[in-house]
Amino acid sequence: MPRVVRERIQTALVLEDDSDWDVSFKDQLAYFATGSRYISGTTTTPRSPYGDDWDLLWLGHCSAQQHPADQRRFVIENDDTVPPMAHRINFNAVPKLNELGYDNSTRIVFRANDGVCLYSYALSYRGAQKVLRWQNNVKKFEPIDIGIGRQCRDDAAFKCIAVYPQLVDSHKSAGRASRDSDIGTFNPAQIREKGFTHNIVKSTRLNIDNLMMGRNAEHQWNDLPQLAMPRRTRFD
C-alpha cells in the first residue's frame, strides 16, 4: 500500500497468495465494472472501466454488508457462476438476498458498510492514501481487514464497493490442513485428500490441468441448478 502512494500507482489489484477465482473471472469483472460505475455515480466516460470515483473494490471477502446510507444495487440475475446456497460459506454478515427479493442465482454489487477478509481487493491511488491516513490514526490495533471494514463503515469519504456472492475466495489445497492459515488451529495430522474453494463454482486452481489441455472447466459440485433464462442485469 505505501508503494501505491510512493509511486503514484493509479489502481492496484491485491490478491492473497492462496486466492482462487472462477475461470470466468474476466467476464465477471465486466459485469462488476458496470455495477461499480453505477454505485460510484459515474455519468460520463471514465478513464477506468470501474469508474473514477471509488477508493476500494472489495472482490474477495468472507463478510460484507450494505451501507445503510446507500441502498442502491446493481443486480445480476440468472448468473450461472453464483454458488448454490449450500456452498456459500461466510464468517460474518452478508446481504440476505432472499429477503431482498432476489433468487439464489443472483449476484449484487453495492456500497459496502463493513467487511471481513481481504482475499482480493483493488485500491485507487486516492484510496491507498486514505487507508494509510486512517490506519495511522486509529487508537487500537486491529487486523487490516477489520480495520478497512471499519473505515468503510465509519469514514463517509471512503467509498467501498463490494460484490456478493464474492468473486474471489481462499483455496484450501490438498495435503496438510495446517498449510491453510497461520492464524488458525489445526490438527497437524489432518490430511485433505482433495482441494476446494468455497463460493467459487469453477475453481481456476482446480481446473489448471483442464485449462492447460484445452478441456472444458469442471464444476466443484453436482447440485448446480439449471437456469432456464439468460443472464440479465438491472439497476435497483
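**Close-up views of a cavity, a pocket and two disulfides**

**View 1. A cavity of about 40 Å³ is the largest one in this predicted model.** Welcome to the inside of the protein! The search counts one cavity of 30 Å³ or more. Its lining includes the aromatic residues Tyr-31 and Phe-32, together with Gln-28. Further along the chain, Ile-76, Asp-79, Arg-107 and Val-109 also line the cavity, and the list is completed by Val-163, Leu-167 and Arg-231.

**View 2. Which elements give two or more residues to the lining of the largest cavity?** They are α2 (25-39) and β6. Helix α2 provides the largest share, with three residues. Sorting the lining of the largest cavity by class gives six nonpolar residues, three charged ones and one polar one.

**View 3. The second largest pocket has a volume of about 360 Å³.** Here we move from the cavity to a pocket. The second largest pocket has 21 lining residues. If you would like to find its centre, look for Asp-80, Thr-81, Leu-224, Pro-225 and Leu-227, the lining residues that lie nearest to that point. The lining of this pocket is made up of eight nonpolar, eight polar and five charged residues.

**View 4. Cys-62 and Cys-117 are joined by a disulfide, with 1.9 Å from S to S.** This pair ties together distant parts of the chain, 55 residues apart. Cys-62 sits in the loop between β3 (56-60) and β4 (63-66), while Cys-117 sits in the loop between β6 (107-116) and β7 (120-124). Are these two cysteines buried or exposed? Both Cys-62 and Cys-117 are buried. The torsion about their S-S bond is about 70°, so the disulfide of Cys-62 and Cys-117 is right-handed.

**View 5. A disulfide with an S to S distance of 2.0 Å links Cys-152 to Cys-160.** What is the handedness of this disulfide? The disulfide between Cys-152 and Cys-160 is left-handed, because the torsion about its S-S bond is about -90°. Cys-152 has a relative accessibility of 0%, so Cys-152 counts as buried. Cys-160 is buried too, with a relative accessible area of 0%.

**View 6. How many disulfides does a search of the whole structure find?** The search finds two. When the bonded cysteines are counted along the protein chain, the disulfides follow the pattern 1-2, 3-4. To trace this pattern yourself, start with the disulfide of Cys-62 and Cys-117, then go on to the one of Cys-152 and Cys-160.

Terms used:
Residues are numbered from 1 along each chain as its sequence is written. This is a predicted model: local features need pLDDT of at least 70, side-chain atom pairs count only at pLDDT 80 or more; totals for chains, interfaces and linings use all residues. Side-chain values use heavy atoms; hydrogens and water are left out. A disulfide is a pair of cysteine sulfur atoms within 2.5 Å. Helices (H or I, at least four residues) and strands (E, at least two) are DSSP runs, numbered from the N terminus. Buried means under 20% relative accessible area, exposed over 50%, partly exposed in between (1.4 Å probe, protein chains only). On a 1 Å grid over the protein atoms alone, a cavity is a set of points where a 1.4 Å probe fits but cannot get out, and a pocket is an open set with protein on both sides within 12 Å along at least five of seven lines; lining residues have an atom within 4 Å of a point. Grid points are joined across faces, edges and corners, and a volume is the space filled by probe spheres set on the points. Ala, Val, Leu, Ile, Met, Phe, Trp, Tyr, Cys and Pro count as nonpolar, Asp, Glu, Lys and Arg as charged, and the others, Gly among them, as polar.
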